[in-house]
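Reader: Before we discuss this structure, I would like to see how each label in its description is justified. Could you show it to me?

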Amino acid sequence: MKPIPFADLKRQYIDIKSEVLLAIKKVCEETAFSGGKFSEKFEKEFAKYSDAKYFSGLNNGTNAIFLALKVLGIGSLDEVIVPTSTFIATASAVSCTGAVPVFVDCDPDTWEIDAGKLEKSLTKKTKAVIGVHLYGQPFDVDVVARICRKHKLYLVEDCAQAHGAKYKNIIVGAFGEMGCFSFYPGKNLGCYGEGGGVLTNNKIYFEHITKLKNHGSTSKYFHDEIGYNMRMEGIQGAVLSVKLKHLDKWNARRKEIAEIYRSLIKNPKIKMQYRPKWADSVFHLFVVITEDRDDLKKYLEKHNIFPAMHYPVPCHLQKAYSFLKYKKGDFPNTEYLAAHCLSLPMYPELTDNEVKKIIKIINRY
């Protein structure tokens, strides 16, 4: 059987090659490489797509979270609640502000932030909560937002895996103060390098982020504050403008593949993520769990199917955060997920035959 990789970016490139190369050519001809008209065009398009007023494009998703927190005034000695079941960038962006990430467990069924355990982690130093729409499925925004309002905390959404996902029929990213996006190449909406940005309905936040990403300047050579060099590249903006036109189609195909997986995988050894009725996932990942994850991985690879793992080591057990003194057993749901999860191949260009081959092999396991 021909190998089925976890992801195949080349298939997508071939499908849109002429559009993308023409867009890149225009950027090169106008030499608008750093910021400029092409990144600004995408900013307006993505804000409109997301039903929000403003979007500021940046050089990656980690800096999107970092700048969002900086604009909220979060810094040294402050605490920010972060689900420990996420990619480490969510937590490291907090650390880069000088604040401390305080980890919370995930729900055992949805695998999203467990709002029921959130309040127990709050202290007088807590300033914000970062909710992650993990794997492309929204967390329970209303419950988390209610807790934030009760305790006067900022809510920041990590939407790095959730471009176009909806919570109760409303697109994610503008429920809290800001929504932070990554456009890493493997995302549902991915550029051809590094990219990210912040979505918001707050003009003050938008203008401050736009200033900070440009060395604290709104007028060339005049700097109001110490800022950063975090602009989105023109080529990435142009590529994203092309790909944004295809995003709904690609997300719809991901949902089709997910439904085939969900309806035809019958092996009782395999458990899938619970999806509440209000969660319209865009299935950035299709994650399953099984008791012997490593054995299933080897079995699939033996049959030329190559899954991935997201994420085998939770944030609280990473060496980088050993100074926070968390230990094994602190967050049992996340630790179980990390030890038993496997991400099946998931990308819009997967054929029905490939998906059915994967299912056939899994059902035989």
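Reader: Why is C28 called buried, partly exposed or exposed?

Author: This is a predicted model, and in it C28 has a relative accessibility of 37%. Buried requires under 20% and exposed requires over 50%, so C28, at 37%, counts as partly exposed.

Reader: How do you know whether C28 is in a disulfide?

Author: The nearest cysteine sulfur to that of C28 belongs to C191 and is 15 Å away, whereas a disulfide needs the two sulfur atoms within 2.5 Å. C28 is therefore in no disulfide, and by this rule the count comes to zero disulfides.

Reader: What keeps C106 from forming a bond with C341?

Author: The closest cysteine sulfur to that of C106 is in C341, at 9.9 Å, and this is too far for a bond because the cut-off is 2.5 Å. As for its surroundings, C106 has a relative accessible area of 1%, which is under 20%, so C106 is called buried.

Reader: What makes T31 stand out in its backbone, and where does T31 lie?

Author: T31 is not a glycine, yet it has a positive phi of about 50°, and its place is the loop between α1 (9–30) and α2. Its relative accessibility is 53%, and since exposed means over 50%, T31 counts as exposed.

Reader: What can be said in the same way of D51?

Author: D51 is likewise a residue other than glycine with a positive phi, here near 60°, and D51 is found in the loop between α2 and β1 (54–58). With 63% relative accessibility set against the limit of over 50%, D51 counts as exposed.

Reader: Which value describes the peptide bond from H310 to Y311?

Author: Omega is near 5° for the bond from H310 to Y311, and this peptide bond is cis. Y311 itself belongs to the loop between α10 (293–302) and α11 (332–340).

Reader: How do helices α2 and α8 pack, and which residues make the contact?

Author: Helix α2 (residues 37–49) packs against helix α8 (residues 234–244) at an angle of about 35°, the axes being 7 Å apart, and the crossing of α2 past α8 is left-handed. From α2 the contact takes F38, S39, K41, F42, E45, F46 and Y49, and from α8 it takes G234, G237, A238, L240, S241 and L244. Sorted by class, the contact of α2 with α8 comprises seven nonpolar, four polar and two charged residues.

Reader: Why are β7 and β13 placed at the edges of their sheet?

Author: The sheet is an open one of three strands in the order β7-β6-β13, with antiparallel pairing. β7 (170–171) and β13 (279–280) each have a single partner strand, so one side of each is left without a neighbour in the sheet.

Reader: How do you know that β6 and β7 are paired?

Author: Pairing needs at least two bridges, and strand β6 (residues 166–167) shares two bridges with β7 in the antiparallel sense; the bridge partner of Y167 is I170 in β7.

Reader: What is known of β15, its pairing and its two faces?

Author: Strand β14 (residues 286–289) and β15 pair in the antiparallel sense over four bridges, and V288 has L342 of β15 as its bridge partner. Both faces of β15 (residues 341–344) are covered, since C341 and S343 on one side, and L342 and L344 on the other, are all buried, a label that stands for under 20% relative accessible area.

How values were computed
Residues are numbered from 1 along each chain as its sequence is written. This is a predicted model: local features need pLDDT of at least 70, side-chain atom pairs count only at pLDDT 80 or more; totals for chains, interfaces and linings use all residues. Side-chain values use heavy atoms; hydrogens and water are left out. Buried means under 20% relative accessible area, exposed over 50%, partly exposed in between (1.4 Å probe, protein chains only). Axes are lines fitted to C-alpha atoms, for helices over the stretch in contact, and angles run from 0 to 180 degrees between N-to-C directions. A crossing is left-handed if the near helix is turned anticlockwise from the far one by less than a right angle, and right-handed if clockwise. Contact means heavy atoms within 4.5 Å. Ala, Val, Leu, Ile, Met, Phe, Trp, Tyr, Cys and Pro count as nonpolar, Asp, Glu, Lys and Arg as charged, and the others, Gly among them, as polar.
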